[in-house]
Amino acid sequence: MATGYVYMLKDNRTTMSSATPMPDRVSGDSLFWNFSNLNPFQEVAIDLSLAVGAPPLVNVMDTLRFKAFIEPVAQDQQLADNQDSVIRVATGSYDPNDKNENHGGHVTLSEASNGYLSYVIRFQNMGTDTAFSIIVRDTLDEKLDWSSIEMIGASHVYSLQIADGNKCTWRFNNILLPHSAINEPASHGFISYRLKTKNVQVNDVIKNSASIYFDFNLPVKTQTHETGIQADPIGAPPKPVLSGLLGSYCSNQGAVKVKLTNLPAAPTTITVTVSGAVLSVLADSTVMISLSTAGIKNMVVTYTNTSGTQSTNASFTVSAAVTPDVNLSASTLQVVSNPVTIAATNDSGGGKDPRYTFAWDNNFTNLLQTESAQNTVTVQATSFITGDNKVYVKNAYQRNLLYFANRH
């Protein structure tokens, strides 16, 4: 990479004590280092020391968060390794030999299943003489994918051996680590590595500790670091989407079924009201709305979970049903031999697009014309019987009839 930069966003409760090399630019809590001519697989280290604010700015058990990024990312084959984060819990008096994981003790199931757990083992020579050889042993938890282990870095030259798949041994031969009384900054060392998890579930706990051997002394054992697997956070619910709701209805339609097309899964709470009345969501993701009462109705659908609430409001009008009045006329009431044209006229209550049905009987079983927008029907004279004839017409619930004289 010809040119680029690394920047770190530090916790705002810390201040930079020293850095090698020093940042090229500082902006608030962001520290920037420029680089050039970075070759593939080349490693460059930045040694950074931060001072943590004293109480009450930072108290014991407070969480400190740090993030680091490398830019630019254009044409990079591995975007996932261009950023990292470190979470640390503030402690009081402590043993400088410890082991921690960068997620700070908790990681979501998605992060654990799709990413890495990054461990750091720290050690310090607290003795009275130089440490010539240091050995660090670490047995990996069974919930970790042992084959995926990758070294991130170490403070000194080392060799690594792995036995039985999960028994790791780092050897620092001739490390010459001074004791803290004569050179405190140089008395520290560390190992950093990462690996993936294996078949973890929510509420699993991954435990790890390490043992550090200074020359021929008994091992110094770190605390047991625990990383708990937590459920993935629930995202905010979607905005409800309705299907099948019209702007107007007639009360004689009885009821209408409206579908919620993006019904979210539990643990989202779904609330549906129409003008304040709570409705139930059926198994097919629909709600049944009664149209028995006229008026302007307001339908409110709300999805709620721990991350937020989304609502959709929709208004519609229910008009009271009215009895239509239909008038009938015919080209003649005296049928002889010519065809007869019968016409229906909507006088009132039939709506803007009335539909008509013509029949010979009041039960509308012997039809002349099925229901349609056509308001006339032509009947051949031969279709009439000798004597009186009746033709019925209806528009929705209103019926009317015409009497025809004898056919001769």
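The points below describe selected strands of a predicted model and one loop residue.

1. Residue numbers start from 1 in each chain, following the sequence as written. Because the model is predicted, local features need pLDDT of at least 70 and side-chain atom pairs count only at pLDDT 80 or more, while totals for chains, interfaces and linings use all residues, and side-chain values use heavy atoms, with hydrogens and water left out.

2. An open sheet of five strands is arranged in the order β3-β4-β1-β6-β7 with antiparallel pairing, where strands are DSSP runs of E of at least two residues, numbered from the N terminus, and two of them pair if DSSP finds at least two bridges between them. At its edges stand β3 (25–27) and β7 (83–89), each of which pairs on one side only. Neighbouring strands of this sheet are turned by 15° against each other on average, direction ignored, the axes being lines fitted to C-alpha atoms, with angles from 0 to 180 degrees between N-to-C directions.

3. Within that order, β1 (residues 3–9) and β6 (residues 63–71) run antiparallel and are joined by five bridges; M8 has A68 in β6 as its bridge partner.

4. Further along the chain, β29 (residues 340–348) pairs in the antiparallel sense with β28 (residues 325–330) over six bridges, and L328 stands opposite A344. β29 also pairs with β32 (residues 376–379), again antiparallel, over four bridges, and there I342 has V377 as its bridge partner.

5. Is N102, in the loop between β8 (98–101) and β9 (106–108), buried or exposed? N102 is buried, with a relative accessible area of 8%, where buried means under 20%, exposed over 50% and partly exposed in between, for a 1.4 Å probe and protein chains only. Leaving aside residues up to four places away in sequence, N102 touches D84, S85, V86, I87, R88, S118 and V120, contact meaning heavy atoms within 4.5 Å.
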